[in-house]
Amino acid sequence: MTKTIDFEKTLNAEQCAAATAADGPVLVIAAAGTGKTRTLTHRVAYLVEQGIDAQRILLLTFTNKAANEMVQRATTLVGERVGGLWGGTFHHMANRILRRQATRIGYQQDYSILDADDSKRLVRACVDELKLKSKHFPKPEVLMGLFGMAASTERQVVDLAHQRFQYHDISAEDIARVHALFMRRKRELNAMDFDDLLTNALQLFREHADVAEMYQQRFQYVLVDEYQDTNVIQSEWVDTLAKGYRNILVVGDDFQSIYSWRGADFRNIMSFPVRYPDARIFKLETNYRSVPEVLAVANACIAGNPEQYQKTLHARREPYKRPVLAELRDGGDQARFVIDTVRNLRREGYAPKDIAVLYRAHFHALELQMELARQGMPFFITSGSRFFEQAHIKDVCTVLRLLGNASDQLSFLRLMELIPKVGKRTAEKIWTAMEGAFDARQADKRQQLVKGLPNSARETGEQIMDVFAAYYDGRIGNTPGAVIEEFVNVFYDEYAVKTYENYDRRMEDVNELVTFSTKFQSIHDFLSEMALLSNIDAEMDRSEAAFDDAIRLSTVHQAKGLEWQAVIIIWVVEGMFPSNRAIETPDGEAEERRLFYVATTRAKDELFICVPSTRRQRDGAMNYCTPSRFIEEIPPDLFRAAN
DNA sequence: GTTTCGGTTCTTTTT
DNA sequence: GAACCGAAAC
């Protein structure tokens with residue numbers, strides 16, 4: 001017999017009420033640091049203790065890290081009984097469902113997943129094909145943003161484009177044409193991007209009642225974390241899945257809604273009681289994380305957003321020190337301040353991993369990174385470009401992706417263009433000759449490919465083709481790692497030496513990828529995981545011990561859900577935080593304020609806010625900075641002076 | 001006609 | 001860095 005949990009003892013009254021709530025719809029408003037994860041974990045444990053089969057519980061989270069953490073903590077509470085629980089991100093769940101049902105919506109089961117880089121390339125190709133490329137036409141990233149917005153808000157691209165470019169000489173119809181071609185191409189490539197995963201899964205539910213019903217029957221309980229960051233697709237998704245039993249429990253905090261630029265709408269959380277009139281609402285307001293002085297600053301900051309659910313964080317911890325507002329001369333001065341502060345904190349007994357530096361955008365940290373490197377202070381940064389999206393990682397996966405989906409034109413072109421003397425044109429010609437698919441199983445197809453290459457490239461082409469042959473002949477294993485290793489041995493290692501100055505570092509990444517791949521049996525599992533794992537998730541798997549001696553550098557977005565003893569926020573000046581571009585959009589300022597609130601509430605003991613007064617421009621000229629409006633809104637006596 | 005190379009420019013936030 | 005552009009090299 002497994003031990004039973006005394007919920008009233010291990011949780012406070014607020015948490016306990018939410019974790020042990022009776023069946024039916026439940027909304028939990030959980031302010032920062034109030035034990036949200038703890039509550040959700042105990043909810044899972046509670047359900048399992050009540051005799052619910054874990055396979056019938058669905059737990060949707062924002063990151064894989066959050067899902068893993070919760071499952072792990074629930075396992076500690078009630079043991080192996082949580083084994084069959086479905087936990088993960090919306091995208092993971094969509095992929096899991098679509099892998100079984102893709103044919104119902106006109107896709108093949110072996111579809112590929114396009115990451116941001118793939119989608120961008122495809123959009124660029126569509127713009128080229130329609131001959132719309134010009135100085136004034138929006139760049140692929142801008143188009144992608146527009147398409148993504150349309151997908152996640154269920155609006156028409158032409159309307160959004162019209163709105164966005166009404167004062168510019170850009171045709172909304174042309175943008176809609178690019179979008180239409182982009183959508184068609186993805187079908188032809190048998191590929192889905194991140195947005196497609198969500199919309200296609202929803203379409204599947206809408207058009208196939210039997211599929212929807214199957215999952216509605218399966219999931220007796222649906223739990224959703226970070227509900228304030230769901231978009232309309234996701235919220236309809238959740239509503240659909242919960243239709244069977246109506247045991248839906250969502251947890252969120254409208255103050256921490258920071259993804260509206262991705263279609264997230266915190267009104268989902270506000271309207272929950274309207275969609276579920278019998279919903280019970282629980283509020284968690286007791287903060288265990290931060291000292292009262294930090295909370296005072298956080299509360300003062302968010303008071304600038306009056307139209308939100310007002311809730312006050314009640315401090316549980318003893319008074320300690322007021323946060324520091326540090327006025328610095330420039331970026332260099334700021335970097336030295338950060339380093340001095342870290343040294344002082346170390347002397348006070350904090351470990352490096354207890355300290356984080358947060359900022360609005362990755363490039364804000366460039367100067368600091370250089371100074372840290374120069375001073376030999378170890379740091380650990382979650383970089384802007386994703387591990388799996390780096391050129392060398394994508395290069396070594398092209399063969400694998402083609403084995404997984406013969407229609408993957410993007411991987412085909414990428415692979416061909418690795419061969420010397422083969423460029424865009426030649427690669428495209430060969431692809432056209434292949435008639436839309438490269439079926440590497442057939443020896444004559446491989447032959448045909450080599451014949452399409454210029455003479456000087458044939459030998460290399462044959463070497464690469466032999467990787468495919470080896471896979472099908474069974475000469476190498478059929479695991480993802482074996483294919484990558486073979487490709488590296490016969491071709492890529494030599495290529496990398498010639499191409500990259502930092503060959504060593506890049507090949508280390510490749511080796512790490514092979515190690516990572518051993519966890520997966522099938523090529524598809526591996527490729528899906530690669531596309532859907534975020535940077536933070538990927539880093540989880542890398543040697544964590546190495547990071548214990550390093551301070552953490554992170555964007556505020558990526559810091560969400562994390563906490564540190566001491567937090568230093570840099571570049572809190574107008575134009576950078578809030579970012580210039582963000583405040584141009586309606587409600588942009590309110591979201592930036594929420595973002596600043598998220599930043600401040602990451603700190604447990606100590607908070608340092610840096611305000612440099614000048615910033616060097618690209619051309620070397622000095623720019624004067626005004627302290628952020630978010631600083632001006634906070635009463636000065638809530639801060640202490642820097643020593 | 002294609003590929004390659006060298007110089008220039010620009011960085012919001014992410015599954 | 002890495003994406004883009006124009007010019008040189010093949």
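The surface near DNA strand C has, by class, no nonpolar residues, 1 polar residue and 4 charged residues, in a model that is predicted. The residues around DNA strand C are R124, K133, N502, R505 and R506. For R124 a polar contact can be described in detail, since an N or O atom in the R124 side chain is 2.4 Å from a phosphate oxygen of DNA strand C.

DNA strand B is surrounded by 24 residues, of which R360, H362, G423, T426 and R581 are the closest. Of the atoms of DNA strand B that come within 4 Å of the protein, 62% belong to sugar and phosphate. By class, the surface near DNA strand B comprises 7 nonpolar, 9 polar and 8 charged residues. Two helices, α21 (424–433) and α28 (556–559), each supply at least two residues of that surface, and α21 gives the most to it, with 4 residues.

Individual polar contacts to DNA strand B involve both the backbone and a side chain of the protein. A backbone N or O atom of K421 lies 2.7 Å from a phosphate oxygen of DNA strand B, and a backbone N or O atom of R425 lies 3.1 Å from a phosphate oxygen of this strand. At H91, by contrast, the side chain takes part: one of its N or O atoms is 3.2 Å from a base oxygen of DNA strand B.

Away from the DNA, the interior of the protein can be followed through its nonpolar cores. The largest nonpolar core has 66 residues, and the members that touch the most other members are V357, I568, I569, I570, F596 and I609. Helix α15 (residues 292–302) gives the most to this core, contributing 7 residues. A second, separate core of 53 residues includes L413, L415, I419 and F516. Within the largest core, V357 offers a useful point from which to look around: leaving aside its neighbours within four places in sequence, V357 is in contact with V338, L368, I551, R552, L553, S554, I568 and I570.

The charged side chains form another layer of the description, with a count of 45 salt bridges. Side chains of opposite charge can pair when their charged atoms come close. One such pair is D395 and R414, whose side chains meet in a salt bridge with an N to O distance of 2.7 Å. This pair links distant parts of the chain, with D395 in helix α18 (residues 391–396) and R414 in helix α20 (residues 409–418), 19 residues apart. Both D395 and R414 are buried. D395 and R414 also belong to a network of salt bridges that links them with D115, D117, D118, R121, K394, R401 and D408.

A second pair is found within a single helix. E589 forms a salt bridge with R593, the closest N and O atoms being 2.6 Å apart, and because the two residues are 4 residues apart in helix α29 (residues 588–600), E589 and R593 are separated by about one helical turn. The two partners are not equally accessible: E589 counts as partly exposed at 28% relative accessibility, whereas R593 is buried, with a relative accessible area of 3%. In a third pair, R475 forms a salt bridge with D473, and the closest N and O atoms are 3.2 Å apart. R475 is partly exposed, with a relative accessible area of 48%, while D473, with a relative accessible area of 53%, is exposed.

The backbone geometry has a few features that merit inspection. Most residues other than glycine have a negative phi, and most peptide bonds are trans. A cis peptide bond nevertheless joins F577 and P578, with omega at about 10°, and P578 is found in the loop between β15 (564–569) and α29. R246, although not a glycine, has a positive phi of about 60°; R246 is found in the loop between α12 (232–241) and β7 (248–252) and is partly exposed, with a relative accessible area of 32%. E435 likewise has a positive phi of about 60° although it is not a glycine. E435 is found in the loop between α21 and α22 (443–452), and at 69% relative accessibility E435 counts as exposed. Helix α21, at one end of that loop, is also the helix that gives the most to the surface near DNA strand B.

Key:
Residues are numbered from 1 along each chain as its sequence is written. Chains are lettered from A and ligands numbered from 1 in the order in which they are written. This is a predicted model: local features need pLDDT of at least 70, side-chain atom pairs count only at pLDDT 80 or more; totals for chains, interfaces and linings use all residues. Side-chain values use heavy atoms; hydrogens and water are left out. A residue is near a molecule or strand if one of its heavy atoms lies within 4 Å of it. A polar contact is a pair of N or O atoms within 3.5 Å; within protein, one must be able to donate a hydrogen and the other to accept it, and residues adjacent in sequence count only if both atoms are side-chain atoms. Ala, Val, Leu, Ile, Met, Phe, Trp, Tyr, Cys and Pro count as nonpolar, Asp, Glu, Lys and Arg as charged, and the others, Gly among them, as polar. A nonpolar core is a set of buried Ala, Val, Leu, Ile, Met, Phe, Trp, Tyr and Cys residues joined through side-chain atoms within 4.5 Å. Buried means under 20% relative accessible area, exposed over 50%, partly exposed in between (1.4 Å probe, protein chains only). Contact means heavy atoms within 4.5 Å. A salt bridge is a side-chain nitrogen of Lys or Arg within 4 Å of a carboxyl oxygen of Asp or Glu.
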